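Reader: Could you walk me through this one, with the cut-offs spelled out?

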Amino acid sequence: MDRKPRVRFAPSPTGPLHMGGVRTALYNYLFAKKMGGDFILRIEDTDQNRFVEGSEQYIINSLKWSGITPNEGVGFGDGPYAPYRQSERKLIYRKYAEQLVKEGHAYYAFDTPEELEEVRLGMEADKSTFSYNSITRNNLKNSLTLSVEEVKKHLDSGNAYVIRIKVPANEELRVNDIIRGWVVVNTIEMDDKVLFKSDGMPTYHLANVVDDYLMKITHVIRGEEWLPSAPLHVLLYRFLGWENVMPAFAHLPLLLKPDGNGKLSKRDGDRLGFPVFPLNWKDPQTGELSSGYREKGYFPEAFINVLLLLGWHPEGNQELFTMDEMIEAFSLDRVNKAGAKFDPEKTKWFNQQYLKKHSDDDLAKIVMKDIQNKLKTGEIIFDESCPSNFESLISNLDYVKEAVRITREKVHFTNEFWSVCHFFFIPTDTYEAAFIAKKWSDKAKEFFGTLKQNYLNLKIFDLASIENIFKEIAIASGVKPGEYMQLFRVLLIGVSMGPALFDTAALLGKDEVIRRIERALKKLP
RNA sequence: GGCCCGUUCGUCUAGGGGUUAGGACAUCUCCCUUUCACGGAGGAAACGCGGGUUCGAUUCCCGCACGGGCUACCA
């Protein structure tokens, strides 16, 4: 049966979207695009208790920033299967749950949470584990054990109840996973999962199967944490009579902590100092702030490129991919089986690769915005110590562009530019002490005095003249030019490490270079 | 505990019955540069263990170990 490939990303609005979730969305998106199919976003908000204000919008914003755009779904325009928010589909699920009861594949259960807890405790005391299954259900309060009248009485009196699936006693269930092959489970191991909750909402198991059927989903691509319940879902498709249009399953490996064990969590980011979320997120309850890749200064292209390679590998050795290249190269059968430890170091390298693709002009514009930003946050302080031309310099595109050109190979992120080129905008008044102690001398003082005079007389203050004069004077005073080059850098920018010396001087310009030499001469012993 | 999934350099991974086990990040050395960085060259670095099957297993099978996931009226 040939159906148009349709896949879905179906997160719960229970908090910020984890980068693992973004990867799942990415793989779904790439698969859909590659196959010429549809990619939909469905919001699975059936748990009212865990609902977190703002997280749905966060999910939408994250996908948008990442360039992963669904062609149907919440926040991206309704398609033919709206609504895409499960809470708005509430009435749909009951019908199917009742149908399952009618056909003997599910049953009403009236046990209260307290009663169940009691049974659980009793069995634990007996050193066994409680499970609501084909054996225990015979001793519990449900429509299988109660008489028709009693069941009717419970239902009519409005007593709380749930609907549970009636798992067969001893049957082999097989799931063919695209990534893992056949997974076989005996129904003995399964419990009678709740399908329909007492609050009138379905559980994930029912809602996901019903919606995937109704929305004509052909491939379910989701995290490995769902693998254990996949057999249950297969059983549901069978009971509902939909096995012939059941989607294919692909369970993705998990993203693991960089160190130690376990899956990647918010805590790891805090602990190790890297984001685990695409965007900044402020918890509406606690006010706690979690940092995002966007605000850390990552290009979205770098972010998803990292995600792409965490669990998937192309046929060749290509590492850098445009979105189109990802779509072209992607296939589910090259997805890995094993979980991937996330390495924050490599993400920095990826960002640098993307930074290198940008022109000086692009970067300069970004840097100018970043400077404004840093002024606002107080990271850059503009006060009396700033020269009068500070504001004209930071808004001079050509000047910033040149600063970018001669420092760009030093940074991984655009927001690092300030730390490597601030001295082009704010003159220094301190000089690297250790270096001065070692290299500053009367002879050097004399040298720079002469240099200043010569620069002063220079008509055209360009790169070649700056360098030639420097070298001529050095030779005339009997030293190798290299001897004073780093010292010159210290006089100009305060530190011995920095961009190419004569480029630096050229950008600063004649007047500023002379001012800085004079200031240093005055300040240094 | 039970069930399910997994296991190639520190990390992401390629590969697959006979290979010098390949690439990338990180790391180290050298070159470039009288700085840093970039770039270039090179180095160190891996098939978890034990049994099979086979002329030959890192590759296939089994067991073990280890890791991960699930085990809610959460998704």
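Below, a few questions and answers go through the model.

Author: First the ground rules: this is a predicted model, where local features need pLDDT of at least 70, side-chain atom pairs count only at pLDDT 80 or more, and totals for chains, interfaces and linings use all residues. Residues are numbered from 1 along each chain as its sequence is written, chains are lettered from A and ligands numbered from 1 in the order in which they are written, and side-chain values use heavy atoms, leaving out hydrogens and water.

Reader: Which element supplies the largest share of the surface near RNA strand B?

Author: A residue is near the strand if one of its heavy atoms lies within 4 Å of it. Helices (H or I, at least four residues) and strands (E, at least two) are DSSP runs, numbered from the N terminus. β5, β14, α12 and α20 each supply at least two residues of that surface. The largest share, five residues, comes from α20.

Reader: How far is the side chain of Ser12 from a sugar or linking oxygen of RNA strand B?

Author: Ser12 is among the residues that come nearest, out of 57 around the strand. Sugar and phosphate make up 73% of the RNA atoms that come within 4 Å of the protein. Polar contacts here are pairs of N or O atoms within 3.5 Å; within protein, one must be able to donate a hydrogen and the other to accept it, and residues adjacent in sequence count only if both atoms are side-chain atoms. From an N or O atom in the Ser12 side chain to a sugar or linking oxygen, the distance is 2.4 Å.

Reader: Is Glu512 buried or exposed?

Author: Glu512 sits in helix α22, residues 510-523. Its side chain makes polar contacts with the side chains of Arg515 at 2.8 Å and Arg516 at 2.7 Å. Buried means under 20% relative accessible area, exposed over 50%, partly exposed in between (1.4 Å probe, protein chains only). Because the relative accessible area of Glu512 is 13%, this residue is buried.

Reader: What is the handedness of the crossover from β9 to β10?

Author: Strands pair if DSSP finds at least two bridges between them, and β9 and β10 run parallel, joined by five bridges. The chain goes from β9 through helix α7 (residues 230-239) to β10. A crossover is right-handed if, with the strands pointing away from the viewer, the path from the first strand over the helix to the second runs clockwise. This β-α-β crossover is right-handed.
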